[in-house]
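Reader: Could you take me on a close look at a single part of this model, and then show me how the charged side chains fit in? I would enjoy one connected walk-through.

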Amino acid sequence: MVLRCQRRVHQPPRRTSLLEAFDPLEQLGEARRRNAEIEQLRHDAFTAFDSYHQIDGEALWQQVLTDSQEADRAYGRASQTFEAALTADSNSAEARALLADSLLERALGAERDYRTSQLEDLLQRLALYDKSGERRRRWSAPGRVLLTSTPPGAQVTVVRYDRDPHGRVVTGPVRALGATPIAGLELPPASYLFTFQLPAHTEVRYPLVIERASENSIAVPLPPAAAIPEGFVFIPPGQFQFGTAGDEALRKTFLSTVPIHEVQLGGYLIARTETTYGQWLEYLKGLPPAERGRVSAKVGKGSLSGAVELSELPGESWQLMLQPASQAFIAKVGQKIIYSARKVRREQDWLRMPVGGVTFDDAQAYAAWLASTGKLPGARLCNEMEWERAARGADSREWAHGDNLMPTDANYDETYGKDLQAMGPDEVGSHPASRSLFGVDDLVGNVFEWVENSVSQKPFALRGGAYTFGARTCRIDNRFEAYPTMRNLTVGLRVCVTIR
């Protein structure tokens with residue numbers, strides 16, 4: 001009998017890939033679950049803020065911040081494992097695809113949370129691993145826009161807003177789109193301004209941030225030109241960003257506002273300029289003599305903000321005493337204020353300066369007088385959301401003209417070299433560089449403006465900064481809740497009108 005020996009063949013042990021060993025799919029799933037929870041928390045927080053439930057809103061927002069960090073860490077852990085798998089096996093299509101997915105999703109979170117520096121790094125890494133380019137195409141997918149107007153037939157142009165490395169807003173070329181209705185328009189994700197023009201109707205500007213792969217249906221009413229009072233701008237119904245995208249410490253300790261989020265607002269009218277001394281005089285002249293002294297602008301010389309007194313002279317004339325710092329300026333109607341310490345804008349027609357030294361009650365009474373006398377039906381103080389939309393448009397800019405404020409842009413402390421003798425209010429509209437994209441002036445500096453509160457239960461707030469304050473105070477997202485009887489030379493008002 002022949003014995004046959006079987007030869008045993010030894011197979012090498014199967015290698016366990018890093019994807020199997022560390023299960024990064026579970027890590028990625030955890031990140032996605034957290035991200036979905038964050039979206040719901042954000043919705044709940046913003047609902048609370050917009051309903052004046054600040055305590056609830058802040059508690060929810062703190063949870064958003066905590067969970068956002070955890071979700072980002074979860075995405076980071078998954079990405080690290082995918083990268084390690086690629087290091088071990090550079091041909092692993094699965095690891096490369098999953099890494100690209102996690103980088104894209106992490107970039108979307110960084111964009112949502114305004115983590116700008118992290119976003120730039122993530123997009124650079126995505127370009128390395130997204131070999132097919134499919135995810136980068138998703139990132140830059142255009143939004144579709146349908147434009148209609150009432151009445152139809154308006155000619156529409158569009159311009160794109162971008163920011164240069166210094167934060168200045170720069171515009172691309174104006175592009176004519178044709179007449180409304182306009183369908184099938186595709187535009188890359190960015191901030192845009194559409195302008196609608198139709199004979200015998202007011203020109204309407206409509207700012208819009210187009211999100212990637214979004215569907216946007218824009219219906220714009222075009223009021224007859226005769227229906228818009230002189231000196232007013234029509235702000236159409238639309239959505240915009242309300243609050244601040246700044247860091248949390250700045251938001252809570254200085255700006256006193258809510259986290260930035262999208263808000264929908266109806267249409268209204270807003271004055272192109274702050275209310276002037278000339279307009280205030282018309283108000284005083286319309287009051288009984290006994291009432292005039294009560295509401296005439298007056299701040300005593302002991303005030304740290306400066307002094308002002310508007311007084312009636314014999315012969316139905318008026319005189320302004322203005323003392324922004326140590327020097328007092330006195331001028332009658334027809335005379336000018338001369339800032340001798342200035343090199344530019346030395347002579348000022350005080351009738352065109354913004355009125356200062358009025359209380360919140362004074363401001364409300366003035367608006368009510370305009371409405372009740374029929375001079376301006378529907379006149380009232382603006383609320384904060386209306387003020388902020390008129391200043392900001394639709395994107396997250398920090399000042400009406402961008403994210404960088406220069407001394408020549410507006411009237412604030414650096415405009416005249418921080419020289420107290422040169423500081424003071426300017427004629428309204430003197431600084432067109434900071435004009436908002438709606439065409440509204442002096443929403444940066446000059447004087448603070450009383451507005452109705454849109455953040456807390458208090459009825460009033462101040463917006464816009466003033467000529468003695470720094471750039472941070474003059475930001476769109478800065479607000480200040482003063483007491484309603486405060487009289488201050490740096491505080492005035494602007495009028496809005498309810499559309500009927």
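Author: Happily! Let's begin with helix 8 (residues 277–285), whose buried residues are Tyr277, Trp280, Leu281, Tyr283 and Leu284. Buried means under 20% relative accessible area, exposed over 50%, and partly exposed in between, using a 1.4 Å probe and protein chains only. Helices are DSSP runs of H or I with at least four residues, strands are E runs of at least two, and both are numbered from the N terminus. The buried residues of helix 8 sit on the same side of it, because they cover an arc of only 155° around the axis; that arc is taken from the directions from the helix axis to the C-beta atoms.

A word on the source: this is a predicted model, in which local features need pLDDT of at least 70 and side-chain atom pairs count only at pLDDT 80 or more, while totals for chains, interfaces and linings use all residues. Residues are numbered from 1 along each chain as its sequence is written, and side-chain values use heavy atoms, with hydrogens and water left out.

What do those buried residues pack against? Their partners are helix 9 (289–295), strand 14 (307–313), strand 15 (317–323), helix 10 (360–372) and strand 23 (491–493), with contact meaning heavy atoms within 4.5 Å.

Helix 10 deserves a pause: its axis and that of helix 8 are 11 Å apart, at an angle of about 70°. Axes are lines fitted to C-alpha atoms, for helices over the stretch in contact, and angles run from 0 to 180 degrees between N-to-C directions. Helix 8 and helix 10 are therefore roughly perpendicular, the word for 65 to 115 degrees. Gln279, Trp280, Glu282 and Tyr283 of helix 8 meet Asp362, Ala365, Tyr366 and Trp369 of helix 10.

Now for the charged side chains: the structure holds 43 salt bridges, each a side-chain nitrogen of Lys or Arg within 4 Å of a carboxyl oxygen of Asp or Glu. One of them joins Glu384 and Arg479 at 2.7 Å, N to O. Glu384 belongs to helix 11 and Arg479 to strand 22 (residues 479–480), so this pair ties together parts 95 residues apart in sequence. Both Glu384 and Arg479 are buried.

Arg345 and Asp426 also form a salt bridge, with their closest N and O atoms 3.8 Å apart. Here Arg345 is partly exposed, at 30% relative accessible area, whereas Asp426 is buried at 0%.

Notes
Parallel < 35°, antiparallel > 145°, perpendicular 65-115°, else oblique.
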